[in-house]
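Me: I'd like a close look at one part of this model: the place where the two chains meet, and the sheet around it. Could you walk me through it in one go?

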Amino acid sequence: MSVRVGKTDRAAAFPVAAKTALKNDQLRANVRRATDTIRGKRALRVEEMPDWQQLRDTASAIKAHTLRHLDEYLVEFEKNCELAGGKVHWARDADEANAIAIGLIRQYSEGNSHVEVIKVKTMTSDEVQMNVALEAAGITPIETDLADMIVQMGHDEPSHIVVPALHRNRFEVRDLFRETMHRPELTAEPEDLTGAARAYLRERFLKVKIGVSGANFAIAETGGVCVVESEGNGRMCLTMPDVLISLIGVEKVIPRFEDLEVFLQLLPRSATGERMNPYNSLWCGVHAGDGPKAFHVILLDNGRTKLLHDEMERETLECIRCGACLNACPVYRETGGHAYGSIYSGPIGAILSPQLQSLEHSRSLPYASTLCGACYEVCPVKINIPEILIHLRGRVVREDQATLGGKLAVENLAMQGAAAAFQSQRRYEAAQRLAQAGQMLFRKGDQLENLPGMAGGWTKYRDLKAIPKQSFRDWWKSRSKGASA
Amino acid sequence: MSDAREVILGRIRAAVGGAPDRVAYDQIGREYQRKGSLDREACLHLLKDRLLDYDSEILEVGSEAEIGGAVEEALRRAGEHSVLVAEAFPKNWLPSAAEVVVDAALATEQLDGLGTVLTTCEAAVAATGTIILVHEGAQGRRAVTLLPDHHICVLARQQVVETVPEALAAISSSRRMAMTTISGPSATSDIEMTRIRGVHGPRRLSVVLYGE
């Protein structure tokens, strides 16, 4: 089974990619501006809510309960979705999900040589790289969310879970639209650019026969699906085509309709700082005379079920993809999303991607954090991201230590040495004396600078106090001697 | 590929089967606010405040007999002359000085050319300025409330609740159908976080508030 999380297999490790991002002043200015704006709005809208912490507690409890009974709720969702006229498919991994989608699209477009599908913003389809698979099968996917459209037109990657094109400013968007839409007269005014997107897509909304979406929530009790959005492109894709295909991660299921009262209060305020996003669409199966005539759900695993074993790792699946942790994270705010090498960026990406892929391709991500805890504080479902990051760092180290290269790595030898030295007082004092002598070359005042090798990584960015000439133990000993004399 | 369902369910059962259940569904604490705390007047005031904050327009009338006139006023302000309504829309609420197009399963192309749609709704949430449609009868089908540039929605004061939980409880009996919640006109902030009204859905939302 191959689990895919965007294009992680081709991505550089975080420290390498972050260095490139840090050199891009335009990108950093765009990211800073966008995250500052959303953070400010979020804080305002959360402050309005006297019961915010209680909502978080309930959301966390609902999610934890659902994941513990995930099999039952998925089966209940499947039953009710099909009773309402939908059809449920199951996909173990990215390739299987794409194959099912392509099979359905071919089935419904029989005889048409050139097939287009309209898409509502869905991170899950980015995760399985659905657009790449569709194009390879001769199907043209059209992203209809303004930001996704900007990303698609620029052959770019999303850099944020909620606002995927936040790394682009208005002038970059104008240039992209001028070229792609053949409208050289377009100005860089957001109003003008939005109008251009509206005109460009309206025709496609009315003409294209197949829509593809993700889902924010799948409701077991009713078999209904919910998509949260702002622009109306979601409503268009969910309503106007003859056929609708929704790719839904298995963790998106919630038990009952009434649970929406919790999540619909937490999500918009956390994601965009709005009391409620302009549009929420909820539907069950198919309806005569209204909306698509055929509705298919693809329930996607793609590594998710691996996270269920361990209670701490399981918490990662409680995520409702609001992106609040990205906006709060000092590391994300400096590097932007691309450095994470996965479509899931920021703190949630740093724990989700390595786990989905069993640490393959994303070993550096658990280190892409200062562990400051800001992500935990803003998380609407109270995922303890710092704790999971530390847990994953432990896994990376243990896996490394299991290999010969890892055993012989300087860092491992140093750590093993330190562990041995800390085991006895005699060894510890000997090591201290050795270090006191060894540090002479690097000592500047009471600081150590430019340490060699691996330790240089530490002194390059941080202050490190030199080991004092006399240790506390030595001072205590001499003091005692002086007293008894 | 056909056994994917069993494989996935099997993986889940192997992972969580027999694991301790920290909280049963019925034991999940719900300490958040599920009922409103404001009186009627304050609740309506809150709704109006939220609607205006989201660039919606409000037209207030007393009796049902005045609804037609308010719709006319909304049309006049927008410079429009015709409205699209569902077949079930009450005849006595229709504006007398405007052309009325009835949606008798109109084709998409016909809908696309129409400027204004007039509907009723199921409920409204004051705390968030949200109008809820369940797309039955006079509320119109989904496409009808989506393609025109201007949505005029008739809302009874009695349909207004304060909180999201109250609204969802009010409509839970009809939860099997399609439902759309609308908070202001279509909007985006994707370009440099500048909020722009009217991307793909209606650019203009007018709410006619009537009744006790």
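Reply:
**The sheet and the chain contact**

Let's begin at one end of the sheet, in chain A: strand S5 (residues 217-219) of chain A runs parallel to S8(A), and 2 bridges join them. Within that pairing, A:Ala218 has A:Val253 in S8(A) as its bridge partner. Keep in mind that this is a predicted model.

Now zoom out. S5(A) and S8(A) belong to an open sheet of 8 strands, in the order S8(A)-S5(A)-S6(A)-S9(A)-S9(B)-S6(B)-S5(B)-S8(B), with mixed pairing. At the edges sit strand S8 (253-254) of chain A and strand S8 (160-161) of chain B, each of which pairs on one side only. As for what holds neighbours in a sheet together, strands pair through backbone hydrogen bonds, in either a parallel or an antiparallel way.

Follow that order along and you cross from one chain to the other between S9(A) and S9(B). Here strand S9 (residues 279-284) of chain A and strand S9 (residues 179-182) of chain B run antiparallel, joined by 4 bridges. If you want a spot to click on, try A:Leu282, which stands opposite B:Met179 in S9(B).

The sheet is one piece of the contact between the chains, so let's look at the whole interface. In total, 96 residues of chain A are in contact with 77 residues of chain B. About 7,600 Å² is buried between the two chains, and carbon and sulfur atoms give 57% of that area.

There's plenty of charge and polarity to look at too. The rule finds 17 salt bridges across the interface of chain A and chain B. One of them links A:Asp259 with B:Arg30, whose closest N and O atoms are 2.7 Å apart. Polar contacts across the interface come to 38 residue pairs, with both residues at pLDDT 80 or more. On the side of chain A that touches chain B, helix H10 (residues 190-207) of chain A supplies the largest share, 10 residues. Sorted by class, that side of chain A has 45 nonpolar, 23 polar and 28 charged residues.

Before you leave, have a look at another strand pair, this time within chain B. Strand S2 (residues 82-86) of chain B is mostly covered, with 4 of its 5 residues buried. S2(B) runs parallel to strand S3 (residues 99-103) of chain B, and 5 bridges join the two. In that pairing, B:Ser82 stands opposite B:Glu99 in S3(B).

Definitions and conventions:
Residues are numbered from 1 along each chain as its sequence is written. Chains are lettered from A and ligands numbered from 1 in the order in which they are written. This is a predicted model: local features need pLDDT of at least 70, side-chain atom pairs count only at pLDDT 80 or more; totals for chains, interfaces and linings use all residues. Side-chain values use heavy atoms; hydrogens and water are left out. Contact means heavy atoms within 4.5 Å. Buried area is the accessible area (1.4 Å probe) that two parts lose on being put together, summed over both. A salt bridge is a side-chain nitrogen of Lys or Arg within 4 Å of a carboxyl oxygen of Asp or Glu. A polar contact is a pair of N or O atoms within 3.5 Å; within protein, one must be able to donate a hydrogen and the other to accept it, and residues adjacent in sequence count only if both atoms are side-chain atoms. Ala, Val, Leu, Ile, Met, Phe, Trp, Tyr, Cys and Pro count as nonpolar, Asp, Glu, Lys and Arg as charged, and the others, Gly among them, as polar. Two strands pair if DSSP finds at least two bridges between them. Buried means under 20% relative accessible area, exposed over 50%, partly exposed in between (1.4 Å probe, protein chains only).
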